[in-house]
Amino acid sequence: MTLLFFTPSRHPTTTTTSTTSFSILRPPPSLNPLPSSSSSSLFFSPTSPSTRLPLHILYRPSSLPLLSPPRAAASSSAAVDSLLHDASATALVLAGAYTLVLCFDYLTKRDLLQQSLSRKLVHISSGLLFMLSWPIFSTSTEARYFATVVPLINGLRLLLSGLSLVPNEGLVKSVTREGNPEELLRGPLYYVLVLIFCALVFWRESPVGMICLAMMCGGDGIADIMGRKFGSIKIPYNQNKSWAGSISMFVFGSLVSLGILYYYSYLGYFNLNWTQTVQKVAFVSLVATAVESLPITEVVDDNISVPLASMAAAYLTFCL
């Protein structure tokens with residue numbers, strides 16, 4: 001450590017202006033435990049102008065902290081703010097999802113809504129509302145993990161009810177086709193897993209996950225409703241599917257996808273060429289509709305085949 005000593009010069013007479021200068025002197029041995037060759041102590045005493053030497057600072061800090069205390073405090077505060085923001089957003093979305101299911105459950109119990117229609121409305125609305133809620137989360141890298149807490153909790157409910165560990169008659173009626181708790185472990189659980197996968201992998205950074213969920217929720221969900229209502233004319237290669245259902249899936253799958261993309265584009269997440277985007281979305285919707293119409297439901301659930309087909313087609317058209 002550099003030591004600086006200053007001694008003012010004193011002269012016996014007061015009529016002469018004194019000249020004060022500095023010179024480098026070696027410290028006494030008792031004050032300098034280091035060898036003379038490595039000593040960096042500086043002592044200054046008055047000397048004549050002819051022997052003045054320039055002052056050089058020999059000591060500098062070996063290293064500086066990467067962040068000054070104010071910056072470190074600001075960074076820590078920002079991290080805490082993001083954590084609280086995402087936790088609040090998770091609680092809000094979870095409350096909304098729970099309220100949505102309760103509403104459809106209430107309408108079903110009151111016989112104001114058919115069970116099949118209630119199931120499909122839950123299928124359509126829950127996934128789309130989950131996707132629309134992503135912008136309320138922060139810009140931190142952990143935000144997507146907070147968002148997946150919502151479908152993860154719903155997935156745990158499906159597991160507990162499907163395994164009859166925690167019976168939930170209302171959930172079974174509003175989600176399953178035949179009222180069998182074991183159905184919760186198939187289509188509904190696959191649905192939740194797709195939501196989690198798209199949020200973790202694609203998030204708000206790619207249109208692929210958004211189109212995948214739009215096709216699964218909007219396209220496939222509306223296709224089932226329209227097919228049951230107007231599906232008297234069946235597809236030749238699959239008597240369980242109708243032309244009305246397939247056409248509805250293509251039209252509404254495209255419209256819902258474009259609506260979602262416009263929503264995120266408006267918020268500044270994407271900058272799309274809309275002429276090309278409409279063509280690409282139409283192609284993805286056509287692929288998803290063709291896969292949904294195939295007679296493979298007994299082998300592969302629609303909540304797996306449609307998202308996978310949509311994901312592959314969207315990746316080919318938007319990312320390659």
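**Notebook: salt bridges, cores and a surface patch**

I began with R144, which counts as buried because its relative accessible area is 13%, under the 20% cut-off. I note at the outset that I am reading a predicted model.

*Entry on R144.* I looked up the partner of R144 and found a salt bridge with E205, in which the closest N and O atoms are 2.6 Å apart. R144 lies in helix α3 and E205 in the loop between α6 and α7, so this pair ties together parts that are 61 residues apart in sequence. For E205 I noted a relative accessibility of 57%, so this residue counts as exposed. My search of the whole structure gave four salt bridges.

*Entry on K241.* Which residues are joined with K241 into one network? I took the pairs in turn, and found that E292 forms a salt bridge with K241 at 2.8 Å between the closest N and O atoms. This pair links distant parts of the chain, with E292 in helix α9 and K241 in strand β2, 51 residues apart. I checked the burial of E292 and K241, and both are buried. D302 also forms a salt bridge with K241, the closest N and O atoms being 3.3 Å apart. Because D302 lies in helix α10 and K241 in strand β2, the pair ties together parts 61 residues apart in sequence. Both D302 and K241 are buried. The shared partners therefore put K241, E292 and D302 in one network by way of their salt bridges.

*Entry on α9.* I compared the expected and modelled lengths of α9: its 20 residues, at 1.5 Å a residue, should span 28 Å, and the end C-alpha atoms are 28 Å apart, which agrees. Among the buried residues of α9 I listed T277, V281, V284, A288 and E292, and I found that the buried residues of this helix pack against α7, β1, β2, α8 and α10.

*Entry on the cores.* The largest nonpolar core has 45 residues, and those with the most contacts inside it are M131, W134, M210, I211, L213 and L261. Helix α7 gives this core its largest share, 11 residues. I followed I211 and, leaving aside neighbours within four places in sequence, found it in contact with S257, L261, V281, V284, A314 and F318. A second, separate core has seven residues, including L158, L171, L184 and V192.

*Entry on the surface.* I finally looked up a nonpolar surface patch of about 620 Å², made by L152, L156, L159, L160, L163, L165 and V166. L160 is found in helix α4 and counts as partly exposed, because its relative accessibility is 36%.

Key. Residues numbered from 1 in each chain as written. Predicted model: local features only at pLDDT ≥ 70, side-chain atom pairs only at ≥ 80, totals over all residues. Heavy atoms only, no water. Patch = residues over 30% accessible without salt bridge, like charges linked within 9 Å, V, L, I, M, F, W, Y side chains within 5 Å. Areas by Shrake-Rupley, 256 points an atom, 1.4 Å probe, with all protein chains shown as cover. Salt bridge = Lys/Arg side-chain N within 4 Å of Asp/Glu carboxyl O. Helix = DSSP H or I, 4+ residues; strand = E, 2+ residues; numbered from the N terminus. Buried < 20%, exposed > 50% of the residue type's maximum accessible area, 1.4 Å probe, protein only. Core = buried A, V, L, I, M, F, W, Y, C linked by side-chain atoms within 4.5 Å. Contact = heavy atoms within 4.5 Å. Expected span 1.5 Å × (residues − 1).
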